[in-house]
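I opened this model to see how its helices and sheets fit together. My notes follow in the order in which I looked things up.

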Amino acid sequence: MEERTEIEDLGEFGLIDYLTRNIELYNASTVLGVGDDAAVIDLFGKQTVISTDMLVEGIHFDLMYTPLKHLGYKSVIVNLSDIYAMNATPTHITMSLAFSNRFSLEALNEFYEGVYAACEKYRVDLIGGDTTSSQKGFVISVTAIGEVAPDKFVKRSTAQKGDLLCVSGDLGAAYLGLTLLEREKKIFLENPQIQPDLEDQTYVIGRQLKPEARHDIISFLAGKEIMPTAMMDVSDGLSSEILHICKQSQLGCVLYEEKIPVHDQARELAMKLGLDPTACALSGGEDYELLFTMKQEDYDKITLNEEIAVIGYMTELTEEPHIITRSGNKHKLAAQGWNAFK
């Protein structure tokens, strides 16, 4: 039997001391981290970028199939992705938790192992936060802070007519991973004797439970001196993100189905589950890839990068955003991605 330590035995400050006892700092800009009334950051003439996300048990994650360490890692990644989407470098996070008494010290420690693993990989400093009790369930709120050279941040509203529409990585796999996990949970609840069968789908399960943020793409673009004209991350599904850029830039676009990158494993699994791989890519969400527009003259600089796909181009607003299917049919692009309030 695993040892269990009740949180109330430590008290709030004892808990904070315990969870932050081995904290490591990676950034010279961190003047003062955890342990005072506020953290102090000196950004040496850079501009600061700030983003906050909240994850709620039963809405954004299910602990029946989400290991706490993976959840800790993912809760950091989803925030860092927003910072990279501004063409900035994340440097600091704060982490606030609310949890019920069903969570032991050991459980929270496992969660923080994931948090620290993400901080180490992305060289980000955890500099504070808050812990409180909740009547039931687990609530996570993370604020990420990043830095960017003056006026080098990239908004959603600055795409230009004729710009290429590009996306990193591949799309739809995280949704398929979730579909598989939800299917096995349903089977397990109906018959707990049946062992989950995830069919060796390590890629799609990994995309759901342990996503990564695309710092490599931001580094590549900087190295090639490509300044995206607009950018955002793909958290709610490709179609709704494209429509955000179109609406805020007051443009239309043409998207080509055959150009949308889908991983071979994801495509095979979608077919097996009777799902359309393109629909998974357009509406799935949680891919945390970067969607960006760039000038056509920069095209030659990205041709050798297999992690960037050109999937369409921006048009005048007179032509509403649409997708050209493999068979050459033209359809209006609809946002059917994740809606937090449905």
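Before I start, one definition: I call a crossing right-handed if the near helix is turned clockwise from the far one by less than a right angle, and left-handed if it is turned anticlockwise. I also keep in mind that this is a predicted model.

**Entry 1: α1 and α3**

I looked up the helix pair α1 (residues 11–19) and α3, and found that the crossing is right-handed. Their axes come within 11 Å and cross at roughly 40°. Angles from 35 up to 65 degrees fall outside the parallel and perpendicular classes, and α1 and α3 are therefore oblique to each other. Which residues of α1 meet α3? I noted Leu15, Tyr18 and Leu19 on the α1 side, facing Leu105, Leu108, Asn109, Tyr112 and Tyr116 of α3. Sorted by class, this contact has 7 nonpolar residues, 1 polar and no charged ones.

**Entry 2: the sheet of 4 strands**

Next I traced an open sheet with the order β3-β6-β4-β5 and mixed pairing. Which strands stand at the edges? They are β3 (47–56) and β5 (125–133); each has a single partner strand, so one side of each is left without a neighbour in the sheet. From one strand to the next, the twist averages 15°. I then checked β4 against β6: the two run antiparallel and are joined by 10 bridges. Ser96 has Ser141 in β6 as its bridge partner.

Two helices pack on this sheet. Helix α2 (residues 68–84) touches β3, β4 and β6, and its direction makes about 35° with that of β6. The α3 helix from my first entry touches β4, β5 and β6, with its direction at about 170° to that of β4.

**Entry 3: aromatic rings**

I searched for ring pairs and the count came to 7 aromatic pairs. One of them is Phe103 with Phe138, a tilted pair at 4.8 Å centre to centre with 35° between the planes. I also asked where these two sit along the chain. Phe103 is in the loop between β4 (89–99) and α3 (105–122), while Phe138 belongs to strand β6 (residues 138–148). They are 35 residues apart, and the pair links distant parts of the chain.

**Entry 4: the sheet of 7 strands**

Then I followed another open sheet, also of mixed pairing, whose order reads β8-β10-β7-β11-β9-β12-β13. Its edges are β8 (230–234) and β13 (330–332); each has a single partner strand, so one side of each lacks a neighbour in the sheet. Neighbouring strands here are turned by 25° against each other on average, direction ignored. Inside the sheet I picked β9 (residues 252–256) and β12 (residues 322–324), which pair in the parallel sense over 3 bridges. Leu255 stands opposite Ile323 in β12.

I looked for helices lying across these strands too. Helix α6 (residues 215–223) lies across β7 (164–168), β8, β10 (289–294) and β11 (308–315), and runs at about 25° to β10. Helix α7 (residues 238–249) lies across β7, β8, β9, β10 and β11, and runs at about 155° to β8.

**Entry 5: α4 and α8**

My last lookup was another helix pair. The axes of α4 (residues 173–190) and α8 (residues 264–272) come within 10 Å and cross at roughly 45°, which makes α4 oblique to α8. Is the crossing left-handed or right-handed? I found that α4 passes α8 in a left-handed crossing. Ala173, Leu176 and Leu180 in α4 meet Ala266, Leu269 and Ala270 in α8. By class I noted 6 nonpolar residues in this contact, with no polar and no charged ones.

Key. Residues numbered from 1 in each chain as written. Predicted model: local features only at pLDDT ≥ 70, side-chain atom pairs only at ≥ 80, totals over all residues. Heavy atoms only, no water. Axes fitted to C-alpha atoms, helices over the stretch in contact; angles between N-to-C directions. Parallel < 35°, antiparallel > 145°, perpendicular 65-115°, else oblique. Contact = heavy atoms within 4.5 Å. Nonpolar A, V, L, I, M, F, W, Y, C, P; charged D, E, K, R; others polar. Pairing = 2+ DSSP bridges. Phe/Tyr/Trp six-rings, centres within 6.5 Å; stacked < 30°, edge-to-face > 60°.
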